[in-house]
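Reader: I'm new to reading structures. Could you walk me through one, a feature at a time?

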Amino acid sequence: ALKKRDLMTTPPLETLSQKKLKQIIAITLIMGALMLMIMGRFYPGEGHLPGMILGLVLALANIIFLTKTVVKILKQDYTPRAKLAGVKLVGLFVLKMAFMAGLVYFAFWVIRVDVLAFVLGYMSIVPGLLFQQFFGS
């Protein structure tokens with residue numbers, strides 16, 4: 001059982017998620033820069049920069065949107081207004097996923113970015129997630 005003293009020293013969920021999110025973003029940006037340098041070294045002059053950047057933006061936007069949505073869902077608020085907020089939250093989640101789908105459409109069919117660069121940019125979030133999961137606080 002938690003004592004009142006323990007509840008007063010426990011940081012809120014928003015603070016913990018913001019700290020974890022900053023760690024993930026920092027490592028993801030470092031990995032994205034490393035992948036961009038590797039792509040530039042082995043495939044020079046082929047224009048991989050837009051694909052890497054769009055993949056990285058999509059990955060970071062996705063993790064930020066999902067983290068904020070999960071934090072809002074896990075808040076302990078059981079008032080009648082919370083049900084209406086839950087409906088709004090689902091609508092906001094659908095809009096965010098539509099934005100993600102629009103970004104993918106824009107990347108592949110409008111700009112015609114390199115698929116390999118886009119995937120490498122998107123997958124640069126994996127080391128950040130793994131590092132935060134195993135070594136983060």
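Reader: What relative accessible area does M123 have?

Author: The idea first: buried means under 20% relative accessible area, exposed means over 50%, and partly exposed is in between, with a 1.4 Å probe and protein chains only. M123 has a relative accessible area of 40%, so M123 is partly exposed. Before we go on, this is a predicted model: local features need pLDDT of at least 70 and side-chain atom pairs count only at pLDDT 80 or more, while totals for chains, interfaces and linings use all residues. Residues are numbered from 1 along each chain as its sequence is written, and side-chain values use heavy atoms, leaving out hydrogens and water.

Reader: How many helices and strands does the protein chain have?

Author: Helices (H or I, at least four residues) and strands (E, at least two) are DSSP runs, numbered from the N terminus. Here you get six helices and zero strands. As for burial, 26% of the 137 residues of the protein chain count as buried.

Reader: Back to M123, then. Which helix is M123 in, and which residues make the nonpolar surface patch?

Author: M123 sits in α5. A patch takes residues with over 30% relative accessible area and no salt bridge (a side-chain nitrogen of Lys or Arg within 4 Å of a carboxyl oxygen of Asp or Glu); like charges are joined within 9 Å, and nonpolar side chains (Val, Leu, Ile, Met, Phe, Trp, Tyr) within 5 Å. This nonpolar patch covers about 770 Å², and V115, V119, M123, V126, L130, F131, F134 and F135 make it up. Helices α5 (115-123) and α6 (125-135) each supply at least two of its residues, with α6 giving the most, five residues.

Reader: What about burial in α6: which residues are buried there?

Author: I125, G128 and Q132 are the buried ones in α6. Look down the axis of α6 and these buried residues fall within an arc of 60 degrees (taken from the directions from the helix axis to the C-beta atoms), so they line one face of the helix. On the other side of α6, you'll find Q133, F134 and F135 exposed. The general idea is that an α-helix has 3.6 residues a turn, so residues three or four places apart point the same way.

Reader: And which residues are buried in α5?

Author: A117, F118 and G121 are buried in α5. Down the axis of α5, the arc of its buried residues is within 100 degrees, so they too line one face of their helix.

Reader: Now the rings. How many aromatic pairs does the structure hold?

Author: Rings of Phe, Tyr and Trp (its six-membered ring) pair if their centres lie within 6.5 Å; planes under 30 degrees apart are stacked, over 60 edge-to-face, and the rest tilted. The structure holds five such pairs. In one of them, F65 and F99 have ring centres 6.2 Å apart and planes at 70 degrees, so the pair is edge-to-face. F65 lies in α3 (residues 49-74) and F99 in α4 (residues 80-111), so the pair ties together parts 34 residues apart in sequence. F65 is partly exposed at 23%, and F99 is partly exposed at 46%.

Reader: Which residues form the aromatic cluster?

Author: Y105, F108, W109 and F118 form one cluster.

Reader: Last one: what lies over the face of F42?

Author: A charge sits over a ring if NZ of Lys or CZ of Arg is within 6 Å of the ring centre and within 35 degrees of the ring normal. Here R41 lies over the face of F42, 5.8 Å from the ring centre.

Terms used: Areas by Shrake-Rupley, 256 points an atom, 1.4 Å probe, with all protein chains shown as cover.
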